[in-house]
Amino acid sequence: MKLVMVDDAEPDRRLFRILIEESLGSAFEFWGEATGAKGLERCRAVAPDCVLIDYKLPDMTGLDFIARLRANEESDAARGAPPSAVVMLTGLVDEQTAVNAMRAGAQDYLLKDRMTPEGLGWVIERAIHKMGLIRQLKQERDRLSASLAEKEVLLKEVHHRVKNNLQVIASLLRLQARAFPDSALAAALRESQNRVESMALIHEQLYETEDLRDVDLAKHASLLLTNLLQSYGIEDGRIAGR
């Protein structure tokens with residue numbers, strides 16, 4: 001386990017190391033830094049499992065540190081290093097500070113004057129566990145997003161092929177209608193052609209709709225009517241509404 005503590009008080013850093021060793025044993029690596037800038041450099045270099053950060057630092061607040069840490073992790077995501085769990089440490093009894101820390105990206109919050117080896121060890125392990133769950137959820141979300149994007153591409157390809165097939169069928173019917181001398185048979189073929197073209201038009205309008213749960217029926221009916229009027233060569237003045 002890799003741990004980084006960022007606190008400008010060297011006695012606190014020594015004390016926390018002792019408390020962690022009492023709780024977790026010696027199976028951990030520990031680095032202590034006195035400033036936020038040095039702490040960020042250390043985190044970037046060692047990719048710790050957990051960061052213990054004091055709320056008040058000489059060069060920034062703990063909230064500023066968390067924001068910069070998360071920004072660095074996002075920019076370094078290509079390296080494959082997992083994000084670090086963060087535990088905010090302070091001597092202030094302020095619930096709003098705790099809320100702000102959690103909102104900023106901390107996994108837990110501890111008061112220095114109420115620290116025990118058992119409590120510290122438990123909080124560190126819980127914070128690391130929380131970050132692991134967050135990482136798993138993000139990976140699952142990314143997997144589902146990629147799967148959804150793939151399905152959307154396949155669905156668009158299916159729609160495109162259906163559209164092309166309907167257009168080919170309509171064109172074949174049009175050619176056949178022109179080739180037959182029998183006017184009744186030609187009219188029947190043109191009727192079939194118009195029906196296929198109407199299906200193709202409605203299909204195109206539907207699959208281009210962003211949300212299929214809410215279809216604008218008036219819009220589709222108007223487009224279909226316009227297409228039929230053009231297909232049969234009917235002038236608007238010949239149709240009157242009642």
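Which residues is Gln193 in contact with, leaving aside its neighbours within four places in sequence? I kept this question at the top of my notebook while I looked through the structure, which is a predicted model.

**Entry 1: Gln193**

I first looked up where Gln193 sits, and I found its place in helix α6. Leaving aside its neighbours within four places in sequence, I listed Ala170, Leu173 and Arg174 as the residues that Gln193 is in contact with. I then asked whether Gln193 is buried or exposed. Its relative accessibility is 8%, and because buried means under 20%, Gln193 counts as buried.

**Entry 2: the chain as a whole**

Before going further I wanted an outline of the chain, and I noted seven helices and five strands in it. Read from the N terminus on, the elements run β-α-β-α-β-α-β-α-β-α-α-α. The chain has 242 residues, and I wrote down that buried residues make up 33% of them. I also looked at how far apart in sequence the contacting residues are: of the contacts with a separation of 6 or more, 60% are between residues 24 or more positions apart.

**Entry 3: helices α5 and α6**

I returned to α6 and looked up its packing with α5. Two packed helices are described by the angle between their axes and the distance between the axes. For helix α5, residues 117–179, and helix α6, residues 183–207, I noted that the axes come within 8 Å and cross at roughly 165°. Angles over 145 degrees count as roughly antiparallel, and α5 and α6 are therefore roughly antiparallel to each other. The crossing in which α5 passes α6 is left-handed.

I then listed who meets whom. On the α5 side I found His159, Val162, Lys163, Leu166, Ile169, Ala170, Leu173, Arg174, Gln176 and Ala177, and among the α6 residues that they meet I found Ala186, Leu189, Gln193, Val196, Met199, His203 and Tyr207. Sorted by class, the contact of α5 with α6 has twelve nonpolar, five polar and five charged residues.

**Entry 4: helices α1 and α5**

Next I asked at what angle the axes of α1 and α5 cross. The axes of helix α1, residues 10–24, and α5 come within 8 Å and cross at roughly 80°. Since angles from 65 to 115 degrees count as roughly perpendicular, α1 and α5 are roughly perpendicular to each other. From α1 the contact is made by Phe16, Leu19, Ile20, Glu22, Ser23 and Leu24, and from α5 by Pro117, Glu118, Leu120, Gly121, Ile124 and Glu125. By class I noted seven nonpolar, two polar and three charged residues in the contact of α1 with α5.

**Entry 5: the nonpolar cores**

I then turned to the largest nonpolar core, which has 22 residues. Those with the most contacts inside this core are Val6, Val51, Ile53, Phe65, Leu69, Val86 and Met88. The elements that give two or more residues to this core are β1, α2, β3, α3, β4, α4 and β5, and the largest share, four residues, comes from α3. Apart from this core lies another one, of 19 residues, and I noted Phe16, Ile20, Phe28 and Leu120 among them.

I chose Val6 for a closer look. Leaving aside its neighbours within four places in sequence, Val6 is in contact with ten residues' worth of entries in my list, including Glu33, Thr35, Val51, Ile53, Leu57 and Phe65.**Entry 6: Arg68 and Gln107**

Arg68 lies in helix α3, and I found it partly exposed, with a relative accessible area of 43%. The C-alpha atoms of Arg68 and Leu40 are separated by 7.8 Å, while the two residues are 28 residues apart along the chain. Leaving aside its neighbours within four places in sequence, Arg68 is in contact with Leu40 and Met60.

Where does Gln107 lie? I found Gln107 in the loop between α4 and β5, and at 6% relative accessibility Gln107 counts as buried. Not counting residues up to four places away in sequence, Gln107 touches several residues, including Arg70, Val86, Met102, Ala127 and Ile134. I also noted that the C-alpha atoms of Gln107 and Ile128, 21 residues apart along the chain, are separated by 8.1 Å.

**Entry 7: Ala47**

My last look-up was a backbone angle. Most residues other than glycine have a negative phi. Ala47 is not a glycine, although its phi is positive, at about 50°. I placed Ala47 in the loop between α2 and β3, and at 30% relative accessibility Ala47 counts as partly exposed.

Conventions: Residues are numbered from 1 along each chain as its sequence is written. This is a predicted model: local features need pLDDT of at least 70, side-chain atom pairs count only at pLDDT 80 or more; totals for chains, interfaces and linings use all residues. Side-chain values use heavy atoms; hydrogens and water are left out. Axes are lines fitted to C-alpha atoms, for helices over the stretch in contact, and angles run from 0 to 180 degrees between N-to-C directions. Angles under 35 degrees count as roughly parallel, over 145 as roughly antiparallel, 65 to 115 as roughly perpendicular and the rest as oblique. A crossing is left-handed if the near helix is turned anticlockwise from the far one by less than a right angle, and right-handed if clockwise. Contact means heavy atoms within 4.5 Å. Ala, Val, Leu, Ile, Met, Phe, Trp, Tyr, Cys and Pro count as nonpolar, Asp, Glu, Lys and Arg as charged, and the others, Gly among them, as polar. A nonpolar core is a set of buried Ala, Val, Leu, Ile, Met, Phe, Trp, Tyr and Cys residues joined through side-chain atoms within 4.5 Å. Buried means under 20% relative accessible area, exposed over 50%, partly exposed in between (1.4 Å probe, protein chains only).
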